[in-house]
Amino acid sequence: MADCIFCKIASKEVSSDLLFEDDKVVVFKDIHPKAKVHLLIVAKEHIPSLAQVQDTQSALVAHMLLLMPKLAKAQGLTNGFRTVINTGPGGGQIIDHIHFHLLGGGALPSM
């Protein structure tokens, strides 16, 4: 998508505080952190939200989920972390591109 900020970050058109990249995702710090550690795990493939994920994309979603404990460990989050997937406007999603939040590094409010 030409106007998608996460697509532009994934393609390096827009710079970010990139912490990790492979052939499926980019990971960078959220510019409006809600915790000491607040990372975004963003698919390189443009999928508007979790609600639009197809069965053929299940390996991508699994890859994103399985990457999070490794990222948390690398960030020193040995006491736990939170994962968040906002889906659609009613779910708090601001950017229409699938991404997962990884938060930690201190006491987080209970849900």
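**Exercise 1. Work out how Lys24 sits at the surface and which partner its side chain meets.**

*Solution.* Start with accessibility: lysine 24 comes out at 31%, so it counts as partly exposed. This is a predicted model, by the way, so treat each value here as computed from that model. Next, look for a partner: the side chain of lysine 24 meets that of aspartate 23 in a salt bridge, with N and O 3.6 Å apart. That fits the cut-off, which asks for a nitrogen within 4 Å of a carboxyl oxygen. Finally, check the partner: aspartate 23 has a relative accessible area of 62%, so it is exposed.

**Exercise 2. Track down the other salt bridges and say which residues are joined into a network.**

*Solution.* Step one is the tally: searching the whole structure turns up four salt bridges.

Step two takes glutamate 21 and lysine 12. Their closest N and O atoms are 2.6 Å apart, and the two form a salt bridge. Glutamate 21 is partly exposed because its relative accessibility is 33%, and lysine 12 gets the label partly exposed at 47%.

Step three takes aspartate 17 and lysine 29, whose side chains meet at 3.8 Å, N to O. This pair links distant parts of the chain, 12 residues apart: aspartate 17 is in the loop between helix 1 and strand 1 (18–21), while lysine 29 is in strand 2. Aspartate 17 is partly exposed with 42% relative accessible area, and lysine 29 counts as partly exposed at 40%.

Step four is the network: Lys12, Glu21 and Lys44 are joined into one by salt bridges that share partners.

**Exercise 3. Find what is unusual to look at in the backbone of Lys12.**

*Solution.* First, place the residue: lysine 12 lies in the loop between helix 1 and strand 1. Then read its phi, which is near 70°; that is a positive value in a residue other than glycine.

**Exercise 4. Decide whether the aromatic pair is stacked or edge-to-face.**

*Solution.* There is one aromatic pair in the whole structure. Its members are phenylalanine 6 and phenylalanine 28, with ring centres 5.7 Å apart and planes at 70°, so the pair is edge-to-face. The reasoning rests on the angle rule, where planes over 60 degrees apart count as edge-to-face.

Now see where the two rings come from. Phenylalanine 6 belongs to helix 1 (residues 5–10) and phenylalanine 28 to strand 2 (residues 25–29), so to speak two distant parts of the chain, 22 residues apart. Are these residues buried or exposed? Phenylalanine 6 is buried, with 4% relative accessibility, and phenylalanine 28 is buried too, at 5%.

**Exercise 5. Explain why Cys4 and Cys7 are not bonded.**

*Solution.* Begin with the count: the structure holds zero disulfides. For cysteine 4, the closest cysteine sulfur is that of cysteine 7, and at 3.7 Å this is too far for a bond. The cut-off for a disulfide is sulfur atoms within 2.5 Å. As for surroundings, cysteine 4 counts as buried at 7% relative accessibility, and cysteine 7 is buried with 13%.

**Exercise 6. Pick out the nonpolar surface patch and locate Leu50.**

*Solution.* The patch is made by Leu50, Leu65 and Ile85, and it covers about 210 Å². Leucine 50 is found in the loop between strand 3 (37–43) and helix 2 (58–74). With 35% relative accessibility, leucine 50 counts as partly exposed.

The loop between strand 3 and helix 2 also holds glutamine 54, which is partly exposed with 47% relative accessible area. For a sense of distance, the C-alpha atoms of glutamine 54 and leucine 108 are separated by 32 Å, and the two residues are 54 apart along the chain.

**Exercise 7. Describe the overall fold and test it against a compact globule.**

*Solution.* Count the elements: the protein has two helices and five strands. Reading along the sequence gives α-β-β-β-α-β-β. Then size it up: the C-alpha trace spans about 35 × 30 × 25 Å along its principal axes. A compact globule with 111 residues would have a radius of gyration near 13 Å, and the protein agrees because it has 13 Å. To finish, buried residues make up 36% of the 111 residues.

Technical notes
Residues numbered from 1 in each chain as written. Predicted model: local features only at pLDDT ≥ 70, side-chain atom pairs only at ≥ 80, totals over all residues. Heavy atoms only, no water. Patch = residues over 30% accessible without salt bridge, like charges linked within 9 Å, V, L, I, M, F, W, Y side chains within 5 Å. Areas by Shrake-Rupley, 256 points an atom, 1.4 Å probe, with all protein chains shown as cover. Helix = DSSP H or I, 4+ residues; strand = E, 2+ residues; numbered from the N terminus. Buried < 20%, exposed > 50% of the residue type's maximum accessible area, 1.4 Å probe, protein only. Phe/Tyr/Trp six-rings, centres within 6.5 Å; stacked < 30°, edge-to-face > 60°. Rg over C-alpha atoms; globule rule 2.2 N^0.38 Å.
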